[in-house]
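The exercises below are meant to be worked with the sequence and the model open side by side. Try each task before reading the solution that follows it.

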Amino acid sequence: MLKYAPAFALGILAIPVVSGLAGTLLPAFGYLPALGGTSFSVQPFLDFFYQPGISQSITQAFLIGLIATIIALVLVAAFLAAWYGTRTFRAVQHFVSPLLAVPHAAAAFGFAFMIAPSGFLARLFSPWLTGWERPLDLLIVNDRLGLALIVGLVVKEVPFLLLVSMAALPQTQALKAVQVTQALGYGRMAGFLATLWPPVYRQIRLPIFAVIAYATANVDMSIILGPSTPETLPVRLVGWMNDPELSLRFMACAGAIVQIAVTMAALCCWLALEQIAGAIARRIFKTGVRFSRDSWLRIIASGSIITSALLIFGGLIVLAIWSVAGLWQFPDALPKSLSFRSWSQTLPSLIEPLLTTLVVGLVSVLISIAIVLACLAREQQTGNTGGNKALLLLYLPLLVPQIGFLFGLQLLTLSVGVGASWFAVIFVHVVFVLPYVFLSLSAPWRSFDKRYDAIGAALGASQARIFWRIRFPMLLRAILAAMAVGFAVSVGQYLPTLLIGAGRFATITTETVALGSGGNRRIIGIYSFVQMMLPLLGFIFAALVPALLFSKRRAIRGA
Amino acid sequence: MCAASTVLKIENVRIALAGHDLLHVDAAIKPGEVLTVMGPSGSGKSTLLAFIGGFLDPVFSASGRIFCSGNDITFERPQARRAGLLFQDPLLFPHMSVGANLLFAMPPKIKPQVKRRQEAEASLASVGLEGYFDRDPDTLSGGQKARVALARVLISQPAFLLLDEPFSKLDADRRDQMRRLVFDQAKQIGLPVLLVTHDRADAEAAGGTIIEVGITRNGQ
Amino acid sequence: MRITKNLIKYTIAFAVSSVAMSAAALADPDAKNWDAVLTEAKGQTVYWNAWGGSTQINAYIEWVGDQIAEKNGVKLVHVKLDDTANAVAAVVAEKAAGKDTGGAIDLIWINGENFASMKKQGLLFGPNWVQQQPNWQYVDYETKPTIETDFTIPTDGMESPWGMAKLVFFHDSARTAPDSMPDNVDQLLKWAELNPGRFSYPQPPDFIGSSFLKQVLIEKVADKSVLQSDAANVDFAAVTQPLFDYLDQLHPSLWRSAKAFPKDYPSMSQLLADGELDITFAFNPATASSAIKNNELPDTVRSFTFSGGTLGNTHFVAIPYNASAKAGALVLSNFLISPEAQIRKQDPNFWGDPTVLAFSKLSDNDQKMMQSLDLGIATLKPEELGPSFDEPHPSWMTMIEAEWAKRYGVAN
């Protein structure tokens, strides 16, 4: 049984991606008998490129994704260089880490509610400071250049990049290397970037590529923050895919192929930038310039990270306030009264999507954790981690733009008759949950002291008994944490749920994005609030269970 | 399966890593006797223990035979070899109480529950930890943990003991105390003991044969 | 996501069609013989496919279900749709699969484009069952022409009216004086130029936004009658020239200089509450009053319409040709136009949707009930709503939306 686990896991990840890509490619060239496409042609591509403003949509997707990733990475590198190993760093890290669990849609809404002309920031300073009695007529959210979307993406990806960077940092010698450079007279940041950053960067390339893939091809954040005349490419593609006019799907698939090309182009561009940046850095450090006065830069680095975290946290609080707001007119900083009317009106329609979210999330997480544990147990038997190739496969669903293979996957699941079923929806969630569960659990699993297993075996315990009585309880905290990460990922899935669920599986996230495109702030507040509470509850549960279970066992009860 | 109070025979065992021989041992250990394998770190001495215990990391290769009371156990499952393991860390299961650690190790044939508990309490008393049954292992001192680990391995009724630097993390006076406790108990029960260490004082306290390894590294 | 439904429906339909065919012989109910309809309906379950996006409307439908269960022994199941087109697609699929009886849908909340398409494809029960309903006697088909002509398509008694919709504008009287409000689209343009950034409309193809375009088209077009026929048969560019000239002139004065548009009515309403917009509009005259109740708008918001007329239409219920519970659907439809159901529907506490009945045809008691309704502070009385413009042929909307996207949906 265990023998087949790794192959099974890789199959679960690779088969949907590969067959989904094929399923997108065929209709893109006009072949989809179910919709009357029985011969091959390039007509879908011609239709696609004939759409008004399509070049603008394509350019936007490319530039917004690339620029957002660059800014996010520069911020993270600068912050690590400036503060790694200090108390400030730990404080900010604790502050920023929870943001990882905030779903993209909720973060985007919170951000929009902060920065809009009638948003919280403007209210806070009006009219006493700004003199604005009425909101300015300024296009901030949904601006045509996509600046709001870029900032939103940066703010959401910074916690992710920060966390993967920290996981890649060698803990003990790390600071010594920086201290050596400081003794040589280098500034703290320069010393860090010269010694510690290159190996860290090499290890976080795959996560960075995943960020580029998301940023160039995301739908949920683009709908909320992105330009609307025209919308970015992925948003328009989903619109066509969901259009009652079925013939538009050929064009949507052609567009999905273009989307893959856009993401690939952004990745290639990144590789080129990597070379250029590396060359420049090498040249600079050859000069021996010390960059010893970097205190102002250090303040900017921490300031921008803290600001971005504050924007999201503030946004989430504002969302929560809106959900219970009575009349709340501009420029009142707070609502005139509070009311649970919106909650009581919305609650009945919340229950069904909430249950769907919980069922899909829990089942996909349980399946994923079972597969991951089986893979790790097998890895322990063989001593073979699969290396970089396995890691690349693990990242596959995160590197290929979702649209690229989900369109095809949707058409495929329909044609084999499992479309819009619980099975299909949970399956597609597993595709995205599994990599995250694996990435979260593999490190603690691999660093588990194998001598415990040896002792268990020598004491006559069977493999199963060793697993259930020793490894499992001792790794319970890590396992539950990985499950909480997986659950958060499942809760946040928008496009897979929408497409594979064929719109019939409403989850909190699909409802949040759907209702959010309507402008009722109270309803958005309620849905976003629930959306962000779900992962949070998951993490609380993951921390609380071991603490209660092992309340008398100091070494492992955790927080 | 091998019975208690027997001979552990290590016949012509060679351990290699990536084609390089690390060590070669050929010895027999009688009941109550201690064989000490000494060598620097990286000499493969811990790997020898792993091979005998049945946990050899797949990156190593090994040849030779292990006999327990005349039975070839070279290819037995680790669970069937009945090796008693002690490492430099006590490695008590942190999620179980002290007593539960012992009960986990105790053979299932000892029944019923009341008797199991009595035996565990008695075993704790024999290492000077009377009344520690319900304690959280994490609240014990280093020396106490080491004694619980010893009690745990003895209560499992092993056929022989494999000791991997079990005293190296204890402070000097406790170390001596612990050595005596371990070797006395082993002698009393009549267990063959294989000790690997880099500390000559361990070897001298053990009082048995000493094999030095790792001196001719890469030279064979 | 219709393909899913279609494929599933196909599979199911193929599996059961042979069974269904053999049991098909049962005759359709005849609304003329109402007693027989009532008898047949008893014990039936009616699957009513209706948009489910409003908690208020869902609650009203639930009440309807309670009523007909008690009065007629008919069980109502509300199949909540996000888009009526899905229900149309389901019937199309059933027909394609040869499932001519025992269909999954018994009643559809419908109008305009969807009705036109179902009627054209022969997917509707009828004709002429609508006028046979006992409660038809109360319906105001004389002065409300949209009750028998839906987006220029004659209903032919194949869909029964349920409620009225009319384009109504809202403003906040605390910020803008009622007498400063425009009375037609030309005045609206002037007003917007004097108050830049304070007016906008939802981005087409949003339904409300497209309706605004139609309002402008109707007011600006030289010959209104041309809108009654298919847009493909006339010189579209010439007819719509005044509309796009108007928009070219209006856009620089719009909110965000027309670089972005509100997404839909709720977004637009939020902007009114925030003070970003001064004039908004909707299709349900009671919308503003219920928003005031929900604290979403200040209680100083008021309604107005254009004295020359605004776009108006009627929404209906129709029975698919292959419905399983036609008798039950007839009983339900008849109840929906009963004075009792219509008065409750007009009550803003429950929904606030204007009635399709004629006040004069009601009994004294019902008239009193109707008059005593508190329509809400921001809702115009039925007699204040002004004349209605007929909807253009459905094809106009489609073509105007496409042209709009080409001209304004892309930044220059």
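**Exercise 1. Determine how many helices and strands chain C has, and judge its overall dimensions.**

Counting the elements in this predicted model gives 14 helices and 11 strands for chain C. The next step is to compare its radius of gyration, 22 Å, with the 22 Å that the globule rule gives for 412 residues; the two are close, so chain C is as compact as a globular protein of that length. Along the principal axes, the C-alpha atoms of chain C fill a box of roughly 70 × 50 × 35 Å. Of its 412 residues, 50% count as buried, and among contacts with a separation of 6 or more, 82% are between residues 24 or more positions apart.

**Exercise 2. Carry out the corresponding analysis for chain B, starting from its helices and strands.**

Chain B contains seven helices and nine strands. A compact globule with 220 residues would have a radius of gyration near 17 Å, and the value for chain B, 17 Å, agrees with this. The box filled by its C-alpha atoms, again taken along the principal axes, is roughly 55 × 40 × 30 Å. Buried residues account for 45% of the 220 residues, while 73% of the contacts between residues at least 6 apart in sequence join residues at least 24 apart.

**Exercise 3. Work out the strand order of the open four-stranded sheet in chain B, and identify the strands at its edges.**

The order is S2-S1-S4-S5, with antiparallel pairing. Strand S2 (20–29) and strand S5 (71–72) of chain B each have a single partner strand and therefore stand at the edges, with one side of each left without a neighbour in the sheet. Taking one pair in detail, strand S1 (residues 8–17) of chain B is joined to S2(B) by eight bridges, and B:Ile15 has B:Leu23 in S2(B) as its bridge partner. Finally, helix H1 (residues 45–53) of chain B lies across S1, S2 and strand S4 (60–68), running at about 125° to S1(B).

**Exercise 4. Describe how strand S6 of chain B is paired, and where its side chains point.**

Strand S6(B) pairs with strand S7 (residues 160–164) of chain B in the parallel sense, over four bridges; within this pairing, B:Leu86 has B:Leu163 as its bridge partner in S7(B). Looking along strand S6 (residues 83–86), B:Ala83 and B:Leu85 point one way and B:Gly84 and B:Leu86 the other way, and all are buried.

**Exercise 5. Classify the packing of helices H5 and H6 of chain B, and name the residues that make the contact.**

Two packed helices are described by the angle between their axes and the distance between the axes. For H5 (residues 142–155) and H6 (residues 172–189) of chain B, the angle is about 10° and the axes are 11 Å apart, which makes H5(B) roughly parallel to H6(B). On the H5(B) side the contact is made by B:Gly143, B:Ala146, B:Leu150 and B:Leu154, and on the H6(B) side by B:Arg174, B:Met178, B:Leu181, B:Val182 and B:Gln185. Sorted by class, this contact has six nonpolar, two polar and one charged residues.

**Exercise 6. Establish which chains touch, and characterise the side of chain A that touches chain C.**

Two pairs of chains are in contact, and of these chains A and C share the most contacts. Chain B and chain C do not touch, their nearest C-alpha atoms being 50 Å apart. Between chains A and C, 40 residues of chain A are in contact with 36 residues of chain C. Helix H16 (residues 341–382) of chain A gives the most to chain A's side, with five residues, and by class that side has 14 nonpolar, 20 polar and six charged residues.

Note on methods. Residues are numbered from 1 along each chain as its sequence is written. Chains are lettered from A and ligands numbered from 1 in the order in which they are written. This is a predicted model: local features need pLDDT of at least 70, side-chain atom pairs count only at pLDDT 80 or more; totals for chains, interfaces and linings use all residues. Two strands pair if DSSP finds at least two bridges between them. Helices (H or I, at least four residues) and strands (E, at least two) are DSSP runs, numbered from the N terminus. Two residues are in contact if their C-beta atoms, placed from the backbone, lie within 7 Å. Axes are lines fitted to C-alpha atoms, for helices over the stretch in contact, and angles run from 0 to 180 degrees between N-to-C directions. Ala, Val, Leu, Ile, Met, Phe, Trp, Tyr, Cys and Pro count as nonpolar, Asp, Glu, Lys and Arg as charged, and the others, Gly among them, as polar. A residue is buried if 20 or more other C-beta atoms lie within 10 Å of its own, exposed if 12 or fewer, and partly exposed in between; C-beta atoms are placed from the backbone. Angles under 35 degrees count as roughly parallel, over 145 as roughly antiparallel, 65 to 115 as roughly perpendicular and the rest as oblique. The radius of gyration is taken over C-alpha atoms; the globule rule is 2.2 Å times the number of residues to the power 0.38.
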